[in-house]
Amino acid sequence: NDNDVNTELDIVFVTAGHFNSRKLHGTDLSKDLILRCYPTQTGQASMEIRTDAIQLDDKGEEKMVNVCFTSMVAVNKKTSRPEK
């Protein structure tokens, strides 16, 4: 019966930490900031996400201003423990 299916997930992803953040260029506060994120490594209950912060220069070309790696862990909401 479809009405008996639990559609709420008991697992959430939490941030375990930010690492190797590097400021490559100055950030222009008057311009939009583009965030481009993608997974770089995956494990059984974790993954690493790279985030590139990009701004367009005066010629309209993309310039990376910052890069950071974030570790994410899958955690069971009831036990608060990592879960595959």
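Tutor: Let's start with a rule: two strands pair if DSSP finds at least two bridges between them. Strands here are DSSP runs of E with at least two residues, numbered from the N terminus. What you're looking at is a predicted model, where local features need pLDDT of at least 70, side-chain atom pairs count only at pLDDT 80 or more, and totals for chains, interfaces and linings use all residues. Residues are numbered from 1 along each chain as its sequence is written, and side-chain values use heavy atoms, leaving out hydrogens and water.

Student: How do you know that β1 and β4 pair?

Tutor: They share ten bridges, in the antiparallel sense. The rule asks for at least two, so β1 and β4 count as a pair. You can spot V14 opposite V73 in β4.

Student: Where do β1 and β4 sit in the sheet?

Tutor: The sheet is open, has four strands and runs in the order β1-β4-β3-β2, with antiparallel pairing. Its edge strands are β1 (11-23) and β2 (34-42).

Student: What makes β1 and β2 edge strands?

Tutor: Each of them pairs on one side only. Neighbouring strands of this sheet are turned by 25° against each other on average, direction ignored; the axes behind that angle are lines fitted to C-alpha atoms, and angles run from 0 to 180 degrees between N-to-C directions.

Student: Let's zoom in on N76, in strand β4 (residues 62-76). Is N76 buried or exposed, and why?

Tutor: Buried means under 20% relative accessible area, exposed over 50%, and partly exposed in between (1.4 Å probe, protein chains only). N76 has 11%, so it is called buried.

Student: What does the side chain of N76 reach at 2.7 Å?

Tutor: The backbone nitrogen of K78. A polar atom of that N76 side chain also lies 3.2 Å from the backbone nitrogen of T79.

Student: Why are those called polar contacts?

Tutor: The pair must be N or O atoms within 3.5 Å; within protein, one must be able to donate a hydrogen and the other to accept it, and residues adjacent in sequence count only if both atoms are side-chain atoms. The 2.7 Å to K78 fits that limit, and so does the 3.2 Å to T79.

Student: Which residues does N76 touch, not counting those up to four places away in sequence?

Tutor: D10, I11, R81 and E83, where contact means heavy atoms within 4.5 Å.

Student: What makes N20 stand out?

Tutor: N20, in strand β1, has a positive phi of about 55° although it is not a glycine. At 54% relative accessible area, N20 passes the exposed cut-off, so it is exposed.

Student: And what about S80, in the segment after β4?

Tutor: Phi of S80 is near 60°, positive in a residue other than glycine. S80 has 56% relative accessible area, so it is called exposed.
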